[in-house]
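Please find below a short note on the structure under review. The points are numbered for ease of reply.

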Amino acid sequence: MVTSMRTVTAMLLVSAVTGLFSAATAGEPALAYKYDDKQLQWGPCPAFLGEGCGIAVLHGDPATPRTDVFFKVPGDYKIPHHWHTSAERMILVSGNMTVQYDGQKPVLIETGMYAFGPEKHPHVAYCEKGDPCVLFIAFNEPIDAFEIMKASE
């Protein structure tokens with residue numbers, strides 16, 4: 001009896017959570033964009049990321065949870081040491097990018113590859129020479145980026 005009550009309770013909890021998520025997204029239209037779509041509205045990145053950097057919001061509001069963006073930098077571009085409050089779920093849609101999280105070895109991400117960046121984990125990146133790097137990023141939390149200054153700065 002105790003096991004069946006736990007099962008029923010778990011099923012009710014899953015149903016409630018699923019219902020909340022469905023209600024939040026039920027009225028939204030389906031979307032599809034290519035990274036070079038002329039309809040995209042590219043805006044600037046935080047100033048410390050440099051003038052060559054751009055962000056296009058694909059879905060959601062950057063000030064609220066669950067926002068998807070394209071992040072773009074030109075080839076041969078260094079992305080300085082920084083961190084985000086949110087975890088990042090990423091797919092590189094153009095270019096080749098080397099990413100290094102503190103305490104980990106650098107990883108070369110090639111076009112089409114998935115990458116996960118843990119919340120609040122500092123990292124640097126470099127868009128390799130050649131094509132611009134365009135990264136699809138899904139944020140769990142509102143979008144932010146915090147620069148990590150070198151000790152001499």
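**Note on the predicted model**

1. The model is predicted. Contacts over long stretches of sequence deserve mention at the outset: among the contacts in the protein chain with a separation of 6 or more, 66% are between residues 24 or more positions apart.

2. As regards secondary structure, the protein chain contains one helix and 11 strands. The order along the sequence is α-β-β-β-β-β-β-β-β-β-β-β, with the helix preceding the strands.

3. On burial and surface, the protein chain has 153 residues, of which 28% are buried. The exposed area of the protein chain is about 9800 Å², and 61% of that area comes from carbon and sulfur atoms.

4. The sheet may be considered next. Five strands make up an open sheet, and their order across it is 7-6-9-4-11. The pairing in this sheet is antiparallel. In general, the strands of a sheet pair through backbone hydrogen bonds, in either a parallel or an antiparallel manner.

5. Which strands lie at the edges of the sheet? They are strand 7, spanning residues 107-110, and strand 11, spanning residues 146-147. Each of these edge strands pairs on one side only.

6. The pairing of strand 11 can be followed to individual residues. Its partner is strand 4, which covers residues 77-83; the two strands run in the antiparallel sense and are joined over two bridges. Within this pairing, His82 has Glu147 of strand 11 as its bridge partner.

7. The cysteines form two disulfides. When the bonded cysteines of the protein chain are numbered in sequence order, the pairing reads 1-2, 3-4.

8. One disulfide links Cys45 and Cys53, with an S to S distance of 1.9 Å. The angle about its S-S bond is -65 degrees, and the link of Cys45 and Cys53 is left-handed. Both Cys45 and Cys53 are buried.

9. Another disulfide is formed by Cys127 and Cys133, whose sulfur atoms are 2.2 Å apart. Why is the disulfide of Cys127 and Cys133 described as right-handed? The torsion about its S-S bond is about 90 degrees, and the disulfide is therefore right-handed. As for burial, Cys127 and Cys133 are both buried.

10. To draw the points on the cysteines together, the link of Cys45 and Cys53 is left-handed, whereas that of Cys127 and Cys133 is right-handed. Burial applies to Cys45 and Cys53, and also to Cys127 and Cys133.

Notes:
Residues are numbered from 1 along each chain as its sequence is written. This is a predicted model: local features need pLDDT of at least 70, side-chain atom pairs count only at pLDDT 80 or more; totals for chains, interfaces and linings use all residues. Side-chain values use heavy atoms; hydrogens and water are left out. Helices (H or I, at least four residues) and strands (E, at least two) are DSSP runs, numbered from the N terminus. Buried means under 20% relative accessible area, exposed over 50%, partly exposed in between (1.4 Å probe, protein chains only). Contact means heavy atoms within 4.5 Å. Accessible areas come from the Shrake-Rupley method with a 1.4 Å probe; for residues, only the protein chains shown count as cover. Two strands pair if DSSP finds at least two bridges between them. A disulfide is a pair of cysteine sulfur atoms within 2.5 Å.
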